[in-house]
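Hi,

Here is the structure I promised to pass on to you. Have a look at it first, and then read on for what I found in it.

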Amino acid sequence: MALFRTMRHLSSTATTMANAAKAPIQLFGIEGRYAHALYSAASKKNALEGVEKELVSFKSLTEKDANLRSFLSNPVLTRAQKTKVIQDVLQKQKFSGITVNFFENLHFSGALAENNRLSHCVDVISSFQKLMAATRGEVAATVTTAEALSSKHKKSVEKALEGFLQPGQKFTLNYEINNDMLGGLVVEMEDRIIDLSVKTQINKYIKTLSESL
């Protein structure tokens, strides 16, 4: 009986760990594959947020350091050369073992340096950020208007968009301005575009008139 309870507990623990290691969305391509591998490793160690901070820090380095960006995308350098430089960078930043392994460890399935995938690292980090945003229930959306919206109008837009969210989700909104729109707004949300711009409406009217002639 005790053995049965132990085995049941073990099975339950394994299921919980498997679910915890699984990202809420599926990404594809090289970037998606490596991002999922790192997500799984970090999730099993309960280190997702810490790894995300380290990756964002590394991404910031590549944005500030032109030499590092050039190095990462250089197809002439050998795998060994890239691994050595990455080791030095990671040691200076004092990153965690999970992040270090991700970049350089020969035995880690997602090792970018050993698999000569360092040129993809910034895209992989961006994919990992998407997985983390989905984990937090964040839905990215861009609202484009002809002129800047007031706080009151922004609140109205946000309230109207809430109807597109699933339980537990929340928006991270980015507002942009496009003077060519004339008026109205366009919302880009994941794979959905809601076009309520005046320019689009006018173009529809013109097309309808042309077809009726």
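Before the strands come up, one definition: two strands count as paired if DSSP finds at least two bridges between them. By that rule, strand β1 (residues 138-145) and β3 are a pair, since the definition asks for at least two bridges and these strands are joined in the antiparallel sense over five. Please keep in mind that this is a predicted model.

**The sheet**

Within that β1-β3 pairing, A141 stands opposite M189 in β3. M189 also has R192 opposite it, in β4. Strand β3 covers residues 185-189 and β4 covers residues 192-195; the two run antiparallel and are joined by four bridges. Together β3 and β4 make a hairpin with two residues between them, and E190 in the turn has a positive phi of about 55°.

How are the four strands ordered in the sheet? The order is β2-β1-β3-β4, in an open sheet with mixed pairing. The edges are taken by β2 (170-177) and β4, each of which has a single partner strand, so one side of each is left without a neighbour in the sheet. From one strand to the next, the twist averages 15°. Helix α8 (residues 151-161) packs on the sheet, where it touches β1, β2 and β3. The direction of α8 makes about 135° with that of β2.

**The chain as a whole**

Stepping back, the chain has nine helices and four strands. Along the sequence they follow the pattern α-α-α-α-α-α-α-β-α-β-β-β-α. Of the 213 residues in the chain, 33% are buried. Among contacts with a separation of 6 or more, 62% come from residues 24 or more positions apart. The exposed area of the chain is about 13700 Å², with 54% of it supplied by carbon and sulfur atoms.

**The cores**

The largest nonpolar core has 29 residues, and those with the most contacts inside it are L55, F58, F103 and F128. Six helices each supply at least two residues of this core: α2 (29-44), α3 (48-64), α4 (66-73), α5 (79-93), α6 (97-104) and α7 (121-135). Apart from this core lies another, of 11 residues, including V139, A141, L165 and I194.

What does L55 touch, leaving out residues up to four places away in sequence? The partners of L55 are L38, T99, F102, F103, I125 and F128.

**One aromatic pair**

You may like this last detail. The count of aromatic pairs comes to one. Y39 and F128 form that pair, which is tilted, at 6.3 Å centre to centre with 55° between the planes. It counts as tilted because planes under 30 degrees apart would be stacked and those over 60 edge-to-face. The pair links distant parts of the chain, with Y39 in helix α2 and F128 in helix α7, 89 residues apart. The C-alpha atoms of Y39 and F128 are separated by 7.0 Å.

Are these two residues buried or exposed? Y39 is buried because its relative accessible area of 3% falls under the 20% cut-off. F128 is buried as well, with a relative accessible area of 0%.

Best wishes

Technical notes. Residues are numbered from 1 along each chain as its sequence is written. This is a predicted model: local features need pLDDT of at least 70, side-chain atom pairs count only at pLDDT 80 or more; totals for chains, interfaces and linings use all residues. Side-chain values use heavy atoms; hydrogens and water are left out. A nonpolar core is a set of buried Ala, Val, Leu, Ile, Met, Phe, Trp, Tyr and Cys residues joined through side-chain atoms within 4.5 Å. Buried means under 20% relative accessible area, exposed over 50%, partly exposed in between (1.4 Å probe, protein chains only). Contact means heavy atoms within 4.5 Å. Axes are lines fitted to C-alpha atoms, for helices over the stretch in contact, and angles run from 0 to 180 degrees between N-to-C directions. Accessible areas come from the Shrake-Rupley method with a 1.4 Å probe; for residues, only the protein chains shown count as cover. Rings of Phe, Tyr and Trp (its six-membered ring) pair if their centres lie within 6.5 Å; planes under 30 degrees apart count as stacked, over 60 as edge-to-face and the rest as tilted.
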